[in-house]
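Thank you for coming, everyone. I would like to take a few minutes to walk through one model with you, so please have a look at it before I go on.

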Amino acid sequence: MTYPYQHQPPAQPVAQQGMRVDVVQGTPFGVAYPLVQATPSGPAIGSLVAGIASVFVGLFVGCLGLLGAPEGWGPLAGGAFTVLAVFLGLGAIGLGVFGMRQVRQAGRLVSGRGMAITGVVLGSTGAGVGVLSLLLAFVAAATSTSP
C-alpha cells in the first residue's frame, strides 16, 4: 500500500549556513553540528581585572610611600596597600592559571587565553611594583630622617 504524501529523504543531507553536517555512511541521513560562538572564560576575565587593579594599587603604594617618607608615615601607609597589591597579584595569577587550564580543556567552546596570560603578567608585575615601591619608601624614609 502506498501513501499519497509519502516523503522521500534527500540523497545528501543539506547543510544550512552556520552548521556542519556529517553524512552517516550507508544512510541518506546526516548528523548536524551547529557552530556555537566561544564563551569567554570567567576566571580569565577576573584575572585580567585583578591584574590591572594590582598594578594600580602598586603604583599607589609608590606615590603614597614616597610622599609620606619625609614625615615618616609613608612606609607604614604604603605597607598596608602593599598587602592589597600582593593579594590582588596572587589572585590574578591563580585565576589566570585556572582560566588557561579551562580554555585548554574546553577546546573551542571557551575563549580567553590571552586575557588569562595578561592577567598573570599584570598580577606578577603589580605585586612586584608594590613590594619595590615599599622598599623605596623605606629607603627614602631612612635617608630623610638621618642627620
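Which residues make a nonpolar surface patch of about 220 Å²? In this model, which I should stress is a predicted one, that patch is made by Val-24, Val-31 and Tyr-33. Taking Val-24 from that group, we find this residue in the loop between strand S1, residues 19-23, and strand S2, residues 30-34. Val-24 has a relative accessible area of 33%, and because buried is taken as under 20% and exposed as over 50%, Val-24 counts as partly exposed.

Let me step back to the chain. The protein chain has 147 residues, of which 27% count as buried, and its secondary structure comes to 3 helices and 4 strands. Read from the N terminus on, the order of these elements is β-β-β-α-α-β-α.

Now to the largest pocket, whose volume is about 180 Å³. Its lining consists of Arg-20, Tyr-33, Pro-34, Leu-35, Val-36, Gln-37, Ala-38, Arg-108 and Leu-109, and if we sort that lining by class, we get 6 nonpolar, 1 polar and 2 charged residues. You will notice that Tyr-33, which I named as part of the nonpolar surface patch, is also among the residues lining the largest pocket.

Finally, I would like to point to Ala-142, which has its place in helix H3, residues 113-145, and which counts as partly exposed at 42% relative accessibility. Although Ala-142 and Pro-70 are 72 residues apart along the chain, their C-alpha atoms are separated by 8.7 Å.

Methods:
Residues are numbered from 1 along each chain as its sequence is written. This is a predicted model: local features need pLDDT of at least 70, side-chain atom pairs count only at pLDDT 80 or more; totals for chains, interfaces and linings use all residues. Side-chain values use heavy atoms; hydrogens and water are left out. On a 1 Å grid over the protein atoms alone, a cavity is a set of points where a 1.4 Å probe fits but cannot get out, and a pocket is an open set with protein on both sides within 12 Å along at least five of seven lines; lining residues have an atom within 4 Å of a point. Grid points are joined across faces, edges and corners, and a volume is the space filled by probe spheres set on the points. Ala, Val, Leu, Ile, Met, Phe, Trp, Tyr, Cys and Pro count as nonpolar, Asp, Glu, Lys and Arg as charged, and the others, Gly among them, as polar. Patches are made of residues with over 30% relative accessible area and no salt bridge: like charges are joined within 9 Å, nonpolar side chains (Val, Leu, Ile, Met, Phe, Trp, Tyr) within 5 Å. Accessible areas come from the Shrake-Rupley method with a 1.4 Å probe; for residues, only the protein chains shown count as cover. A salt bridge is a side-chain nitrogen of Lys or Arg within 4 Å of a carboxyl oxygen of Asp or Glu. Helices (H or I, at least four residues) and strands (E, at least two) are DSSP runs, numbered from the N terminus. Buried means under 20% relative accessible area, exposed over 50%, partly exposed in between (1.4 Å probe, protein chains only).
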